[in-house]
Amino acid sequence: MSFQSDTSDPLVAKAVELRQAFDRDAVERDKLGGRPTEQIRLLKESGLPSAQIPTRYGGRGASWPSILRAVREFARTDGSLAHLFGYHHLPLNLVLFRGSDVQRERLLRASAAGNFVWGNSGNAMSKTSSGRRIDNGWLINGKRPFSSGSHIADYIQISFENADGERLTAAVPANRQGIVIEDDWDGIGQRQTGSGTVSFHNLEIADDELISSPAVPLTPYTSLTSLLQQSVLLNVFVGSAQGALEEGRAYTATSSRPWIYSGVDKHTDDPWIKRQYGDLYIRTLAATELADKAAHSLDKAFNQGAGLTHEDRGAAAIDIATANVYAGEVGLAVSSEIFEVMGARSATTANGFDRFWRNVRTHTLHNPAEYKKRTLGTWLLTGEFPVPAMYR
């Protein structure tokens with residue numbers, strides 16, 4: 001099929017190799033949920049977790065197009081691992097964007113040397129953990145939901161509210177006493193992302209583990225974290241559409257039967273099936289092109305560093321929002337409509353084709369397209385770029 005991976009990029013070539021390994025038991029692991037322990041071991045051995053870390057801290061300084069194409073590769077068979085690998089970059093770059101010089105040197109260099117995988121328990125919508133002052137630090141209690149990657153993380157970003165209701169964020173080892181991974185994620189999709197609850201029981205955080213402060217305003221550059229998140233999501237959607245189409249095509253060519261009134265002997269000779277596959281391919285290819293354009297826009301903004309302007313950040317935000325909306329719509333459509341052209345016998349749990357739709361559906365619910373379309377419409381009508389904030 002036509003979704004050729006650019007294996008001239010060593011990072012993408014490694015991602016293709018890993019995707020093939022992940023594919024061997026992707027359906028079974030999706031049914032089981034839990035922790036993809038062996039797959040994370042392979043990911044860490046590959047060196048990909050440290051690839052995007054700047055070279056001055058011991059990483060490879062990989063570009064965002066390379067990283068996001070790797071996310072997309074994984075999603076072609078396993079949306080959970082695509083999510084985990086992509087979201088790993090959010091807390092990692094939070095340190096880069098907002099950490100002190102000492103924190104960047106310590107945390108990024110250690111992460112590069114150890115190929116650490118990062119997770120988070122800092123959901124900003126849920127103010128369900130709090131901290132009180134102790135000598136030289138904080139004592140944290142409570143819990144945080146939607147803690148993606150916490151179950152396989154070496155390091156974890158956590159958030160809590162202080163007595164004044166301000167949100168504070170820290171980066172700590174995931175195995176620190178007082179952190180309990182509840183393993184209670186029960187989503188219909190993204191079954192191995194560990195996106196459930198982390199609870200805190202007298203967790204001690206030192207002052208020098210806090211990342212920046214609520215008193216420090218965001219700049220166009222330090223607000224890029226939200227665009228990284230949106231970029232990861234849209235590539236999970238695109239990879240899922242590609243994977244659904246590829247697996248659907250293979251099933252149709254080898255196992256589907258022609259409908260009794262089609263007038264053809266082979267299912268693939270049915271003009272309806274041909275037209276439907278052509279339509280699904282066109283939409284998936286368009287989503288892929290938009291995703292690539294958005295990745296280059298993100299890379300251009302990121303590479304400007306602290307000098308990034310509101311206008312240049314806004315231009316990247318528009319490209320990413322456009323790609324995100326369309327990728328979500330295409331991911332949902334392709335992963336659902338593929339069953340119509342595969343036929344009734346395809347809709348079994350043994351085949352596992354439904355995992356693509358469940359994965360995309362789960363993620364798109366966290367990020368309503370309606371509000372992105374309004375943001376895009378506002379920009380188109382007025383020229384006004386979105387104000388940096390969560391999800392934009």
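Helix pairs with an angle over 145 degrees between their axes count as roughly antiparallel. Keep that cut-off in hand for this tour of a predicted model.

**Stop 1: H7 and H10**

Select helix H7, residues 225–254, and helix H10, residues 354–364. Their axes lie 9 Å apart, and the packing angle is about 165 degrees. H7 and H10 are therefore roughly antiparallel to each other. The two helices make a left-handed crossing.

Now show side chains. On H7, pick Leu-233, Val-236, Phe-237, Ser-240, Gly-243, Ala-244 and Glu-247. On H10, their partners are Arg-355, Phe-356, Val-360, His-363 and Thr-364.

**Stop 2: H5 against H7**

Keep H7 on screen and add H5, residues 79–98. How close do the axes of H5 and H7 come, and at what angle do they cross? They come within 9 Å and cross at roughly 170 degrees. That angle makes H5 roughly antiparallel to H7. On the H5 side, the contact is made by Gly-79, Ala-82, His-83, Gly-86, Tyr-87, His-89, Leu-90, Asn-93 and Phe-97. On the H7 side, select Thr-225, Leu-228, Gln-229, Val-232, Leu-233 and Val-236. Leu-233 and Val-236 are already familiar: they also take part in the contact with H10.

**Stop 3: the annotated spans**

Colour residues 236–367. An unreviewed UniProt entry annotates them as "domain: Acyl-CoA dehydrogenase C-terminal". In the model, this span is 73% helix and 0% strand. Its end C-alpha atoms are 13 Å apart.

Next, colour residues 26–114. Here the UniProt annotation, again from an unreviewed entry, reads "domain: Acyl-CoA dehydrogenase/oxidase N-terminal". The span is 71% helix and 0% strand. Its end C-alpha atoms lie 26 Å apart.

**Stop 4: H3 and its buried face**

Select helix H3, residues 37–46. Which residues of H3 are buried? They are Gln-39, Ile-40, Leu-43 and Ser-46. Look down the helix axis: these residues fall within an arc of 120 degrees, so they line one face of H3. Turn to the other side, where Thr-37 and Glu-45 are exposed.

Bring in the neighbours. The buried residues of H3 pack against helix H1 (10–23), helix H2 (26–32), helix H4 (64–75) and helix H5 (79–98). Then step off the end of H3. Gly-47 follows, with a positive phi near 85 degrees.

**Stop 5: H4, Ser-66 and H8**

Move to H4 and pick Ser-66. Is Ser-66 buried or exposed? Its relative accessibility is 9%, so Ser-66 counts as buried. Leaving out residues up to four places away in sequence, Ser-66 touches Asp-9, Leu-11 and Val-12.

Add helix H8, residues 271–303. The axes of H4 and H8 come within 8 Å and cross at roughly 140 degrees. The crossing is right-handed. From H4, show Trp-64, Pro-65, Leu-68, Arg-69 and Arg-72. They meet Thr-288, Ala-291, Asp-292, Ala-295, His-296, Leu-298, Asp-299 and Phe-302 in H8.

**Stop 6: His-151**

Leave the helices for a loop. His-151 sits between strand S3 (137–144) and strand S4 (155–161). With a relative accessible area of 6%, His-151 is buried. Label Thr-193 as well: it is 42 residues from His-151 along the chain, yet their C-alpha atoms are separated by 8.0 Å.

What else does His-151 touch, setting aside residues up to four places away in sequence? The list is Gly-34, Arg-35, Pro-36, Leu-84, Ile-181, Asp-183, Gln-192, Thr-193 and Gly-194.

**Stop 7: two positive phi values**

From that list, centre on Asp-183. Asp-183 lies in the loop between strand S6 (179–181) and strand S7 (198–206). Its phi is near 50 degrees, a positive value in a residue other than glycine. At 49% relative accessibility, Asp-183 counts as partly exposed.

Finish at Asn-115, in the loop between helix H6 (101–114) and strand S1 (118–121). Phi of Asn-115 is also positive, near 50 degrees. Asn-115 is buried, at a relative accessible area of 16%.

Key
Residues are numbered from 1 along each chain as its sequence is written. This is a predicted model: local features need pLDDT of at least 70, side-chain atom pairs count only at pLDDT 80 or more; totals for chains, interfaces and linings use all residues. Side-chain values use heavy atoms; hydrogens and water are left out. UniProt positions are given in the numbering used here, feature names are shortened, and annotations may be inferred rather than shown by experiment. Helices (H or I, at least four residues) and strands (E, at least two) are DSSP runs, numbered from the N terminus. Buried means under 20% relative accessible area, exposed over 50%, partly exposed in between (1.4 Å probe, protein chains only). The arc is that of the directions from the helix axis to the C-beta atoms. Contact means heavy atoms within 4.5 Å. Axes are lines fitted to C-alpha atoms, for helices over the stretch in contact, and angles run from 0 to 180 degrees between N-to-C directions. Angles under 35 degrees count as roughly parallel, over 145 as roughly antiparallel, 65 to 115 as roughly perpendicular and the rest as oblique. A crossing is left-handed if the near helix is turned anticlockwise from the far one by less than a right angle, and right-handed if clockwise.
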